Amino acid sequence: MRELTKEDVVAAVRGGSVFASGGGGWVDHGLEIGGAALAIGKPKLVAVDELPDDAIIVTCTAIGAPAGTDWQMLGKDYIKAVQLLIERFDGKVAGVMTPQNGMSSSINGWLPAAALGLHVVDATGDIRAHPTGKMGSLGLASSTDYETIQVVVGGKPELGSYLELVVTGTPARTSNILRTAADMAGGFIAAARHPLPASYIKQHAALGGISIAIELGQAIIAAEPSGAQAVIDTIVGHTGGRIIGKGKVSRKNVRYSGAFDIGTIEVKAGRKTLILHVMNEYMAVEDQSGKRLSTFPDVIATISLATGRPVSVGHIEEGQEIAVFAIDQGKIPLSSSVKDPTVYPEVEEALGIELFSHTLEGQRIAHD
């Protein structure tokens, strides 16, 4: 257990920006929320093993599409979401965790933890960012015997879009309700969900996910004075990742639909054209012949050749020069969520491509 610092906030945002995989929030939002957490309290990062097996942990997140333009999530919304869950839960909550790393989502739970005297748990529902709540639900997406509590808070009161919603039921049904609420609130909304014992988190989460983001961020910060290429080299070396290709963004075809950003981004990389399939985050990369080069849950990121910093889907522009980077799924901790075949069909349908059959778990099932 250790107290989180201002340096941790910056490092978590830097490292989380790589694991954001084109989504995962916004850098400014992450720095703002992290700074607010340190201003009102002393949040502590704790390993799951340091908590009793029956300690209850809640997932804190934000739901929506990064390109949404009419949303509002204030720090108090994150806190209120956890408070409303605690009020409905018959037990004592000990800590909070995030369902994913990202530009701001690595820091999702730090502010409620500081305000409410909870621990920040060093675990993630997925080491990288993902488009649906089911993909960060710790293997509960298809469960029919677990009744969860899910809460969302956010929106603009002046537009009449502010919402506070508490729902109970199966994870799959309630997740769909929350996605609709995010859309009604303007595209993004703060959330708290799934009170679970530490014993469950130990078995099903990607353990150490926050420390992994912070350590990568520290390496990036140390490399920044040496320039963009040094940062890119550091990201590759530190993570064991690879550069799929470098080139210029030739086409961006991404649309907002139902609190999702969906479409493709094309990068001209030498003689190849790389096609990045987007559903909030980068879910797959193919070349012009349809050959699959990387697939979720690989980490897939676009990195500016000018700055060495990851560029989100919302900020990608045609003509921009970027590197397409990936960390193969065999090199990162995987949660039960990304091994669950039931979380893939809605994303595959939206993108019109196969995903699960390209994962390690999908290949194992096919082989068996």
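Let's start with the open sheet in this predicted model: seven strands, paired antiparallel, in the order β14-β13-β12-β11-β10-β16-β15. The two edge places go to β14 (292-295) and β15 (299-304), and each of them has a single partner strand, so one side of each is left without a neighbour in the sheet. Going from one strand to the next, the twist averages 35°.

Take a look at the β15 edge. Here β15 runs antiparallel to β16 (residues 321-327), and six bridges join the two strands. One residue to pick out is Val299, whose bridge partner in β16 is Ile327. There's a helix here as well: α8 (residues 228-239) lies across β10 (242-257), β15 and β16, and runs at about 10° to β16.

Between the two edge strands β14 and β15 there is a loop, and Pro297 is found in it. The peptide bond leading from Phe296 into Pro297 is cis, with omega near 10°. For background, most peptide bonds are trans, and most residues other than glycine have a negative phi.

That brings us to two residues with a positive phi. Ser21 is one, a residue other than glycine with phi near 55°, and His194 is another, also not a glycine, with phi near 55°. Where do Ser21 and His194 sit, in a loop or in a strand? Ser21 is in the loop between α1 (6-19) and α2 (27-40), while His194 belongs to strand β8 (residues 188-197). Buried means under 20% relative accessible area, so Ser21, at 0%, counts as buried, and so does His194, at 1%. Here they are side by side:

| Residue | Phi | Place | Relative accessible area |
|---|---|---|---|
| Ser21 | near 55° | loop between α1 and α2 | 0% |
| His194 | near 55° | strand β8 | 1% |

Now for the nonpolar cores. The largest one has 37 residues, and Met73, Ile107, Trp110, Val151 and Ile214 are those with the most contacts inside it. Which helix gives the most to this core? That would be α3 (residues 75-88), with six residues.

Trp110 is worth following a bit further. Leaving aside neighbours within four places in sequence, Trp110 is in contact with Leu4, Asp8, Val9, Ala12, Ala37, Pro43, Val120, Ile210 and Ile214. Ile214 turns up again here, having already been listed with Trp110 among the residues with the most contacts inside the largest core.

There's also a second core, separate from that one, with 18 residues. Val249, Ala269, Val285 and Leu293 are among its members.

Technical notes. Residues are numbered from 1 along each chain as its sequence is written. This is a predicted model: local features need pLDDT of at least 70, side-chain atom pairs count only at pLDDT 80 or more; totals for chains, interfaces and linings use all residues. Side-chain values use heavy atoms; hydrogens and water are left out. Two strands pair if DSSP finds at least two bridges between them. Helices (H or I, at least four residues) and strands (E, at least two) are DSSP runs, numbered from the N terminus. Axes are lines fitted to C-alpha atoms, for helices over the stretch in contact, and angles run from 0 to 180 degrees between N-to-C directions. Contact means heavy atoms within 4.5 Å. A nonpolar core is a set of buried Ala, Val, Leu, Ile, Met, Phe, Trp, Tyr and Cys residues joined through side-chain atoms within 4.5 Å. Buried means under 20% relative accessible area, exposed over 50%, partly exposed in between (1.4 Å probe, protein chains only).
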